[in-house]
Every structure is written in C-alpha cells, then in structure tokens.
Amino acid sequence: MTSVNVRPRPWSDDDAPVRLRPWSEEDAPVVLRAFQTPDLRPQAPLPVLTLQDAAGWIAAWSGVGHAFAVTVGERVVGNVAVDRIDGNDNGWVSYWVVPEARGQGVAAAAVELLARWAFDERGLYRLELGHRTTNPASCRVATKAGFLPEGIERGKLSDEGVRYDVERHARLVTD
C-alpha cells in the first residue's frame, strides 16, 4: 500500500507518512482506548469495554469487509474500512481516528489511501459514506478525500432517542 504525507503532527516526533496496514490482535489496546471516547463509543456495533471486546472487534471484520489500521510511523491512530460491497461494485466507507490525531489531516489521508486501494485493488466503482450534519469535521474529511456531497438523508440516525440528519457523500473511480 502507498502512503500519504500530511503536515507535521504535534503529538508525533517524526514526519512519518500516513499508512494503512491490516489490523492485528496486538492492536486491541488502541481499539479499546479509541472506543472509550464519548463520540466513538456509540459507533461500535457492540460495546468495546475490555481487551477481549477490542480483539473481537478486530476479528469481526474478517469476511465482512476490508478494515485497515491507520498508522503514523509505528503508531496506530485510527481505522478506515470499506464494507457493504454489493453486486454493482459499490462499497460503504467508514473511518475514525484517536483524539490526538484529529485535525491533522490523518483521517483524510487515510480515506484517500483506502479509496485508491478500493478502486485499484478491489475493483470497486463507487464508494459512499455518510456523516451526521452536526459533524462538520467528518464532512471536511470526506471532501478532502475527494467525496462529493450528494444530499441529506433526513432523520436517518437515532442515538438515545434523538434523530439526526445524515449527509451522504460519494466518490467514483472516474472522479
């Protein structure tokens, strides 16, 4: 997989590029810590409360999609994934980064790398993603990674009884 350089990160001693690699069970502590943050906690399909839960989250990707650890140097700082691949060569993209890696261009670089991989290696034609309209940072990630906005899905998500609108973005192999 190729890499993308982003501006220097204050939490990192090096100018290492953003790279993607397969998840390993040894990454469970990063996953556990990530899903303890209030904004990521509800994003996990099942609660991630122990190292065993985190290892289960990693293992659960097998056979359902393609998830990659996002690294800067030797440090794992996030996840990018494509799943829900259909017979029309479309896939759904998801991503997260740990709080100290946010706002540094890491997520956008990782999503860009994932898109290149999905188009070039997996042969997909269209990638989609969505974010709450109340999450402008995720919107910036999508647009920086070349995903064009396609519209608002009203009331699509529910979290603790509150409905949220979702903005859908997509990127085609021809973009």
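Start with R84, in the loop between β3 and β4. The model is predicted. R84 is not a glycine, yet has a positive phi of about 50 degrees. Most residues other than glycine have a negative phi. Is R84 buried or exposed? Its relative accessibility is 59%, and exposed means over 50%, so R84 counts as exposed.

**The hairpin around R84**

Now select β3 (75-83) and β4 (90-97). They form a hairpin with six residues between the strands. How do β3 and β4 pair? They run in the antiparallel sense, over six bridges. Pick V80 and look across: Y95 in β4 stands opposite.

Stay on β4. Seven of its eight residues are buried, so the rest of the structure largely encloses β4.

**From β4 to β5**

Next, add β5, residues 126-132. Which way does β5 pair with β4? The pairing is in the parallel sense, over three bridges. For one of the bridges, select N90: its partner in β5 is R126.

Now show helix α3, residues 106-120. Together, β4, α3 and β5 make a right-handed β-α-β unit. Which strands does α3 lie across? They are β1, β2 (65-72), β3, β4, β5 and β7. Against β1, the helix runs at about 55 degrees.

**A buried histidine**

Return to β5 and select H131, which lies in this strand. Its relative accessible area is 5%; buried means under 20%, so H131 is buried. Show what surrounds H131. Neighbours within four places in sequence aside, H131 is in contact with S138, C139, D165, V166, E167 and H169.

**On to β7**

Select β7, residues 162-172. How many bridges join β5 to β7? There are seven, and the two strands run antiparallel. Try L127 for one pair: its bridge partner in β7 is R171.

Step back to the loop between β6 and β7, and pick E160 there. E160 also is not a glycine, and has a positive phi of about 50 degrees. E160 has a relative accessible area of 78%, above the 50% cut-off, so this residue is exposed.

**The whole sheet**

Now select every strand. What is the strand order in the sheet? Follow β1-β2-β3-β4-β5-β7-β6 across this open sheet of seven strands. The pairing is mixed. Find the edges: β1 (18-22) and β6 (148-159) each pair on one side only. Then tilt the view to compare neighbouring strands. On average they are turned by 30 degrees against each other, direction ignored.

Show side chains on a strand if you like. In a regular strand they alternate between the two faces of the sheet.

**Zoom out**

Finally, show the entire protein. Its secondary structure comes to four helices and seven strands. Along the sequence, the pattern reads β-α-α-β-β-β-α-β-α-β-β. The radius of gyration is 16 Å, close to the 16 Å that the globule rule gives for 175 residues, so the protein is as compact as a globular protein of that length. Its C-alpha atoms fill a box of roughly 40 × 40 × 35 Å along the principal axes.

Colour by burial next. Of the 175 residues, 47% count as buried. Switch to the surface: the protein exposes about 9300 Å². Carbon and sulfur atoms supply 50% of that area.

Last, turn on contacts between residues at least 6 apart in sequence. Of these, 59% join residues at least 24 apart.

Technical notes: Residues numbered from 1 in each chain as written. Predicted model: local features only at pLDDT ≥ 70, side-chain atom pairs only at ≥ 80, totals over all residues. Heavy atoms only, no water. Pairing = 2+ DSSP bridges. Axes fitted to C-alpha atoms, helices over the stretch in contact; angles between N-to-C directions. Contact = heavy atoms within 4.5 Å. Buried < 20%, exposed > 50% of the residue type's maximum accessible area, 1.4 Å probe, protein only. Rg over C-alpha atoms; globule rule 2.2 N^0.38 Å. Areas by Shrake-Rupley, 256 points an atom, 1.4 Å probe, with all protein chains shown as cover. Right-handed = clockwise from strand over helix to strand, strands pointing away.
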